[in-house]
Structures are given as C-alpha cells and as structure tokens.
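Open the model in your viewer and show side chains as sticks. This tour goes from one aromatic ring to the next.

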Amino acid sequence: MASTLKVNTLESASGTTITIPTGKSLVGTDTASIYAPGTVVQVVSLSDTTLTRAASSSTSFVASNITNTITPKFSNSKIIARVATSINNNTNSANAIVVTIYRSIAGGSFSNLRSGDWGITQGYGAASRIQIPCIAEIVDAPATTSAVTYTLYYRTSQGITVEVPSTTSEHCEFTLMEIAQ
C-alpha cells in the first residue's frame, strides 16, 4: 500500500546526513524538482551546420544569425552562455572582428552582456585574411523565469567586412546551461 508523506522541511534525527537506503531512490516527477546549488538544472543546445553566414562592415555591434533561447526554472539561477563557431576578418589589411553576446528577456530589447567596445573575444589579422575558431562564453544572472534569448553579436574594427561564421557550411554550437544557486 502506497502512502504520502507531506512535509515542508526534512531534518536529520542526528548528525547532518539524511540517507536513502540501498536499493531505494528519491524521484522528482517534475523537471528541476530536485536540485542543489551549483548543479545543472537544464541545458538547451543548438547544433547547426546550416546557419546563414552573416557579413557586416559596421563598427558598431550587429546581430549574427547565431541565437538560442532558454526559459529558466528559477529566478535566481545563473545562465552559462557558450558559443563555438568560426570568424573571418575577410581582408589582407589590419582588421579585427570583435564578438560579444547580447541578451533579451521576454522579447524585450537586446543588451550587451559585456561592457565596452572589445566584447568577449576578437580575431585580428595584421596583414592577412584570417579564418579562425571562436569561443565566446559568459555567465549571466538574468533574474527571471521568462524566456531569455542570447544572440552572438559582432563588429569590425576598421569598417572592412567581417563574417560569422566564416563559411557557409561551418558547424556552430550554442549551449545555454541553467545553474541552480
């Protein structure tokens, strides 16, 4: 016969450990119903080889086609946003491509998660065209349980066209991890 135990707090009768006997398990029936601070609550992953390459000669940040969305389970969670792609400065002159990550909460306007003009990372070629791997990663605290969209933004340092990803068939990964606090 099954029974239901309803409590608000579990405390050990002695010591600091509550033990679940061998052969028994504690099961949460809802997503993220059991968690501990520092654990991964959920992962949303984009893996794509069909993204349209974005090209721009803007010296201000513009959106790429690399974007992903997560809806946090808890308002105090941290989100680790990590993009792996390639970038291209597309010139034989001194030029940098600068990348950063922007965030939008609940469909609102996008804001840069990194202050300043030099973003999270850059690729620079002093006298040659470069086509290089790029990792952009940041830890964010959006303080919401509404949908949060992250997009890779990029710009050029010299007004010369740059591209993300660097070819039309590059593999791109964009992983969002919610971390319980």
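Select R155 and W118. The charged end of R155 sits over the ring of W118, 4.8 Å from the ring centre. Keep in mind that this is a predicted model.

Stay on R155 and add F61. Here too the charged end of R155 sits over the ring, 5.7 Å from the centre of F61.

Now turn to ring against ring. How many aromatic pairs are there? The count is three.

Select F61 with Y102. The two form an edge-to-face pair, with centres 6.2 Å apart and 65 degrees between the planes. The angle is over 60 degrees, so the pair counts as edge-to-face. F61 lies in the loop between β2 (54-56) and β3 (62-70), while Y102 belongs to strand β5 (residues 95-105). The pair therefore ties together parts that are 41 residues apart in sequence.

Are these two residues buried or exposed? F61 is buried, at 15% relative accessible area. Y102 is buried as well, at 14% relative accessibility.

Keep Y102 and add Y153. This aromatic pair is stacked: 3.7 Å centre to centre, 15 degrees between the planes. Which strands does it link? Y102 is in strand β5 and Y153 in strand β9 (residues 148-156), 51 residues apart. Both Y102 and Y153 are buried.

Last stop: select F61, Y102, F110 and Y153 together. These residues form one aromatic cluster. Leave R155 on display too, with its charged end over the ring of F61.

Definitions and conventions
Residues are numbered from 1 along each chain as its sequence is written. This is a predicted model: local features need pLDDT of at least 70, side-chain atom pairs count only at pLDDT 80 or more; totals for chains, interfaces and linings use all residues. Side-chain values use heavy atoms; hydrogens and water are left out. Rings of Phe, Tyr and Trp (its six-membered ring) pair if their centres lie within 6.5 Å; planes under 30 degrees apart count as stacked, over 60 as edge-to-face and the rest as tilted. Helices (H or I, at least four residues) and strands (E, at least two) are DSSP runs, numbered from the N terminus. Buried means under 20% relative accessible area, exposed over 50%, partly exposed in between (1.4 Å probe, protein chains only). A charge sits over a ring if NZ of Lys or CZ of Arg is within 6 Å of the ring centre and within 35 degrees of the ring normal.
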